[in-house]
Amino acid sequence: MRRLRDPGTGCPWDVQQDFDSIAPYTIEEAHEVADAIRRRAWDDLRGELGDLLLQVIYHSQMAEEAGHFTLGDVVSGISAKMIARHPHVFGDASRDKSPDQQSADWEAAKAAERAERGEGGTLDGVALGLPALMRAQKLSRRLARVGFDWDDADGAVDKIAEEAAELAEACAARDGDATEAEMGDLLFTAANLARLLGVDPEAALRRTNAKVVERFAAVEDALARDGLRPAPEHRARMERAWQEAKG
C-alpha cells in the first residue's frame with residue numbers, strides 16, 4: 001500500500017484517494033463478507049476477508065501519511081480493548097457467568113468508556129454513519145436498557161397501527177415533509193417490534209427482497225409465455241401472475 005500511495009512511483013488512482021472516497025468501499029466489502037457467510041461460501045469468504053483487510057490497511061496508511069496513527073497503533077488499540085473488556089479471560093474475574101451476563105458486562109464496560117470520553121447520555125456514541133435501520137436497532141436497544149420500552153410486542157404492534165394511520169393522513173394531505181417524518185416513525189417502530197420479537201430486521205428484509213426477486217422472475221416467465229414483457233399496461237396480468245407465484 002505504501003508503494004501504491006507513493007506520489008512519484010505509485011498508482012495515480014490510489015494516490016488521489018482519501019478517507020471519504022475509500023469509506024464507501026469499506027462498507028461494501030463488509031457487506032460482501034456478510035454475504036459470503038450467509039451463502040456458506042468459504043472460498044469466497046477467504047477472498048472477501050482479504051478485501052476487507054485491505055480496507056483497514058488502506059485507511060491506516062492514509063492516517064500514517066497524515067501523522068494521525070499507524071497500522072500498529074490500530075492493532076495495539078484493539079488488542080488492549082479486548083484485554084480490558086475480558087477480565088474473566090485475561091484477568092482475575094470469574095468465568096462463572098452466563099453469556100447474557102457477560103454481554104451485560106460488555107455493555108457496562110462500553111458505557112464506562114463512553115463516560116470517560118464525556119458521552120454521558122443514553123444515546124451518545126451511536127454512530128451517525130450507520131445504515132439507518134442498523135442505527136434504529138442500536139438506539140432502541142439503548143432505550144430498552146434504561147426501561148424506555150413497551151412492556152411487550154403487543155404495544156409495538158399497536159404503535160405501528162397508530163403510525164400507519166398518521167402516515168395515511170399525511171399522504172392524504174399531500175404533505176411531503178410530514179409524509180417523510182411519519183414514514184420514519186413507522187420504520188423506527190417496526191425496528192423496535194423486530195427487537196421485541198427477536199427478529200433481525202435486516203435478515204427479515206433480505207428474505208423478503210429475495211422472495212420478491214424470485215416471484216417477479218416467475219411473473220416475467222408467465223408474461224413471456226403470452227408474448228408479453230413487464231409494462232404498466234399489463235398490470236392486471238402481472239398481478240395474476242404474482243398471485244400464482246405466491247400460490
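**Burial, core and overall form of the predicted chain**

User: What share of the 247 residues of the protein chain counts as buried?

Analyst: This is a predicted model, in which local features need pLDDT of at least 70, side-chain atom pairs count only at pLDDT 80 or more, and totals for chains, interfaces and linings use all residues. Residues are numbered from 1 along each chain as its sequence is written, and side-chain values use heavy atoms, with hydrogens and water left out. Buried denotes under 20% relative accessible area (1.4 Å probe, protein chains only). Of the 247 residues, the buried share is 20%.

User: Which helix gives the most residues to the largest nonpolar core?

Analyst: A nonpolar core is a set of buried Ala, Val, Leu, Ile, Met, Phe, Trp, Tyr and Cys residues joined through side-chain atoms within 4.5 Å. The largest one has five residues: Val219, Ala222, Leu223, Met238 and Ala241. Two or more of these come from each of H10 (201-225) and H11 (235-246), helices being DSSP runs (H or I, at least four residues) numbered from the N terminus. With three residues, the leading contributor is H10.

User: Which residues does alanine 241 contact, leaving aside its neighbours within four places in sequence?

Analyst: Contact means heavy atoms within 4.5 Å. With those neighbours left aside, the partners of alanine 241 are Val219 and Ala222.

User: What is the radius of gyration of the protein chain?

Analyst: The chain has eleven helices and zero strands. The globule rule (2.2 Å times the number of residues to the power 0.38) is set against a radius taken over C-alpha atoms. For 247 residues the rule gives 18 Å, and the chain is well over this, so it is more spread out than a compact globule, with a radius of gyration of 24 Å.

How values were computed: Buried means under 20% relative accessible area, exposed over 50%, partly exposed in between (1.4 Å probe, protein chains only).
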